[in-house]
Structures are given as C-alpha cells and as structure tokens.
Amino acid sequence: MATLFAKVETVLGMEVHAELLTQSKMFCGCSTQFGAPPNSQCCPVCLGLPGSLPVPNRAAVEHVLRTALALNCRINWRSIFHRKNYFYPDLPKAYQISQYDVPIGVDGYLDVRLDGEVKRIRIRRVHLEEDTGKLFHIEAATSFVDYNRSGVPLMEVVSEPDIYSAEEARAYLRALRLVLVWIGASDGKMEQGSLRCEPNISIRPAGTTELGTKVELKNLNSFQSVYQGVAYEVERQTQALARGEELVQETRRWDEERLITAPMRTKEYAHDYRYFPEPDLVPLEFDAPWIERLRAGLPELPEARYARYVRDYGLSEYEASLLIERDQPQVSDFFDAALRAYGGDPKRVSNWMQSDFLRLFNAAGEDWPAVKVRPEHLAAMLKLQDKGQISGKIAKEVFEVMWTTGKPPEQIVQERGLQVIGTEEDLAPIIDQVLAQHPAVVESIRKGEEGKFNFLVGQVMRATRGKADPGLVNRMLRERIAG
Amino acid sequence: MPRLSIEEVEHVAWLARLRLSEAEKQRLTGDLNTILAHFERLQQLDTTGVEGTSHAVPMSNRYRDDEPRPSLPREEFLREAPDARDAFFVVPRIVET
C-alpha cells in the first residue's frame, strides 16, 4: 500500500507471548499436550478451586531465564509473581498469576537482520505468567469454555518501541521466534497459538520524538498477517491523520478474511488490574552458579552463527540464511561439523549442503531425527573427490546413498564399484572403442570443429558410467586425435 | 477527613463485582477511610534503609519438577459447574470481538 502522506513515521513496540515447552503446567502437574479433548487436562489448581495452592514448575522458570540470557537481558536476582485481577470467563481464579514490577529479565536486546543490515531492537522485559482457558462462541447467548490451556506456562517478551515498519516487525518476530525455537523454550507454532504477537502501533510526524496514540493489534497468527496487519494499520492511521481525525487509543483485531483491522469491544474492564504480590508463591531467587550453568547450556545463537559464516567463511547472507533460518539448528551444526572434519574450503561444504543436503532434507519433510548421513561422511566424500578417486557426478550418487543408508562413502564406493577409472591402462580400450565408433566426429575435430570434442568426452563418460577421471580422458583423447 | 469518595467506593465495588446498597456504601466509605487513616499513621514511621516486604515468610525457590501427573476426571468438576454441556463449561456470552 503506497501512502500519499510520506511525512510520518511509524513506531512499533511488540509484545510476544510464547507458551513454554514443558510437559506439565506452570503451577500444577496437568499435561500441556496440545489438542487433547476439552477439559481433560484440569485439576483444582488450574481450575482455581478453593484451597488449592500453586507450585512453580522449575523447567518453565529456567526457560524464561535462558530466554532472558539469549536476549542479553539483565537478570533480576530476586523476582516475584503478582496477581493481575480481572473477571473474564477464560480465567477461573478471576486473576492471572503474572509478573509486574520485578520480571525475571530486563533491559536486553535482539539483533535483527533485514536487507543486509543488522538492527538492534531493545528488549524491555521478559516475564513469566500462565495462559488462560479458551472460549468458543458457538451460540448467541452463551460461550463454551475449555480450561486445558489454563495454567500453561506463558512467557511474555516486550520490546521497546524500536521498530519502524511492517517489514521490521516481521523480521523481529522471525528472529525472536528462531531464538526461542533454538533454545528449546517454544515450539514456535503460530498456527496453534503457542506463539502470539501483539504489536502496538503509532505514527508521528517524521523527525519528532513524542509517541503518537497507540493502537494495539490482536489476532495475528502468521508472519504474513503480522506484516499485512501492521501495514494496514499504518495506512489507516496515516489517512485518518491526514483527514484531520483524532486517533483513539484502542485495541483492534486483524480480520484475516477481509484484510482489515476493526476495533474490539474490550469491555470496561479496562486496565485497572490491581496488581499485588502473589501471597501463595514465595520469591524466585537466582544466584550466579545457577545462571552461569544455564548460560553455558545455551547453543550458539542464530545471529552469532550468521556473523561467523559471513565474516569467517565468506558465505553470502543468502547462503548463510539457507543454513541458519530453520527450526532445526542441527542443519547448521551439521555444516559446522562437516567443515571441521573436512578442513577445506567452507564454500565447497556449503554448496553441497545447499544443493544436495537441503534438497533431500526438504523433500523428506525436514524431519531431523530421520537424517542418517553423518557430517564426517560428507567430509570424507569431499576428500575422495579432491583426491580424484571419485568424479563429481559419482559424488552425487554417493551422497544419495549416504543419505538413505548412513554408510560411509568409502564403503559405498567399494560396494558399488564406483572408483574412478584413473589409469591409462584401464581407459585405453574404452577410448579406442569410442574413437573407432565415431570416425566422422574425429575427422571434424581434426578440421577444427572444436565444439565436437565434448561429445567424445561424453561418450567415454557414458561408457564408464561416469567413473572416468575427466582430466585423463581429455588428455588421452587429445593425444589420439592429434595422432 | 474522608479521603475516599463514595464514587471511588462504588468503582472499587464494581471492580470486585459487588452490588452494594446505599447504606452499605455509606458504611464502607466510613470503614475504608478509617483503615486509610490507620495506614497514614503507619506511614509516618521512618523506614529508611528497610526493604519492602512482599512476602511474610522468609522462604524462596520452592519448585516442582516438570513431571505430568493425572488430572481430575472431567465429570467430577463439570458436575459442580453452574452450567455445563458436552465436555465444556457453559457461561453467559461475553463478546470481545
């Protein structure tokens, strides 16, 4: 959507909620399995029955700590839960256990890559809370409630208003999602609602610093809807201002069918949540050994890996992105391990990853546990090729067999008789036969039709099923044609 | 000297979903102002160097391991609900969209 009013700028902050990858809920032992029959994963704690008491799930706390560390946050050594009070039927206790003034992590940042540039977006806070139940509006006068999701550990990541376009909003969400998936904090499934994003959007005259009226946007279930919803909202606000209308602070809902945003009737239960410290839960206290143990367990993060591939290995951003921008960090782990074992040109390993590895991996539905080929086998195969023991064409065949069987390349070459025919003695009869079959071609080449030379090479390769050493074939053909 | 107005008491009652009679509003406004006056007195105490207290028990870091345990059979709690149908709780519709 092109705008006629270019002299405004967009300012966005993002709130991202992620359900944490745990087996059990935040404060009780009920399962967090998605898609179970309604109300089959509930107990007195997550139904808010009188007399029940919550006990925090250590794994959920550690997921938030790890996220805070991955996002370069400062950890509050002492953090507490608060009650956020409001009445809504998805919340059986009439309060949500959340965090308020002492969240687990504060003041971090995330580096986001967009069009070849790295942009730093500051993170205001990372906190831990519980998810609510799900309402189904099927009939006119009633709603149906399923409390399976009630009490599922939920993390909120809030950015500073450092995002200036729909593209940046989408790139931020992509980068954040990838970090959460790589560190195992979230499955990142936006379509299942385990990752939800609520941007708040305002516009202001370009060059000013005061923030305009904020509009919060909900119901964005995909990267595409984040992009479209934000772009629509920016355009709507810009035009409203151009017409001299006053914008109101409100929550709007992205309508995926009609591709518009519409105001939500958010009721009067407004923002009077009367937070107070949760008396049923004692404080969380972290110490250096605990934090350092978690920090040491973090994998290399996508952005660090990007920088290394581009700076140290000379890969293009695009090549690096094909290896890194995947839910399986194992793909780039594989690349690293293969490169270590190979010790040669990173580009060569990267090319094999991008052409053959990723083609087969994608075709197999990106199922990492099913991958049989091992990084050291790819390295060994490249070495065989470097030493001239297999040709490039044979290498492709070997790789496919490594992919399906997990066997080492030497064994495959042996079993299938794929060694290069590399001695003059072995090649001579084949070459002589090809020359004898195509006397006219030989004659044309002698008269200067150089283009036909490759035809003869091709014939020899065909006769040897690609196993001939191309350099040797070239030399022997030349010698014989020259007579 | 009253610090809370009757309108504020009405607001707080509404937030807590309490329906108060006129007499109750009057009485509670008086009670709440008495309580506020007590706290005003407490606030005169010099608390320089004393950290805020969020919890009364000197205890921290109580966790459970991430192990799923059986949930309640659905019939047991749906039976107690004011209204339930099929596998769901049924509530008056409160539309948010």
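## A walk through chain A

Start with the surface of chain A switched on: its accessible area comes to about 21,900 Å², and 50% of that belongs to carbon and sulfur atoms. Keep in mind that you are looking at a predicted model.

Next, colour chain A by confidence. The average pLDDT is 92, and 97% of the residues score at least 70. Now select residues 1-5 of chain A, where pLDDT stays under 50 and the model has 9 contacts beyond four places in sequence. Where pLDDT is low, the predicted coordinates should not be read in detail.

Switch to a cartoon view and you can trace 15 helices and 16 strands in chain A. The radius of gyration is 30 Å, well over the 23 Å that the globule rule gives for 483 residues, so chain A is more spread out than a compact globule. Turn the chain along its principal axes, and its C-alpha atoms fill a box of roughly 95 × 55 × 50 Å. Even so, 53% of the 483 residues count as buried. Of the contacts between residues at least 6 apart in sequence, 70% join residues at least 24 apart.

Now for the cysteines. How many disulfides does a search of the whole structure find? The count is 0 over all chains. Select A:C42, which is in no disulfide: the nearest cysteine sulfur, in A:C46, is 4.9 Å away. A:C42 is buried, with a relative accessible area of 0%.

Finish at A:C73. Its closest cysteine sulfur belongs to A:C197 and is 17 Å away, too far for a bond. A:C73 is buried too, with a relative accessible area of 10%.

Conventions
Residues numbered from 1 in each chain as written. Chains lettered and ligands numbered in written order. Predicted model: local features only at pLDDT ≥ 70, side-chain atom pairs only at ≥ 80, totals over all residues. Heavy atoms only, no water. Disulfide = S-S within 2.5 Å. Buried < 20%, exposed > 50% of the residue type's maximum accessible area, 1.4 Å probe, protein only. pLDDT = per-residue confidence, 0-100. Contact = heavy atoms within 4.5 Å. Helix = DSSP H or I, 4+ residues; strand = E, 2+ residues; numbered from the N terminus. Rg over C-alpha atoms; globule rule 2.2 N^0.38 Å. Areas by Shrake-Rupley, 256 points an atom, 1.4 Å probe, with all protein chains shown as cover.
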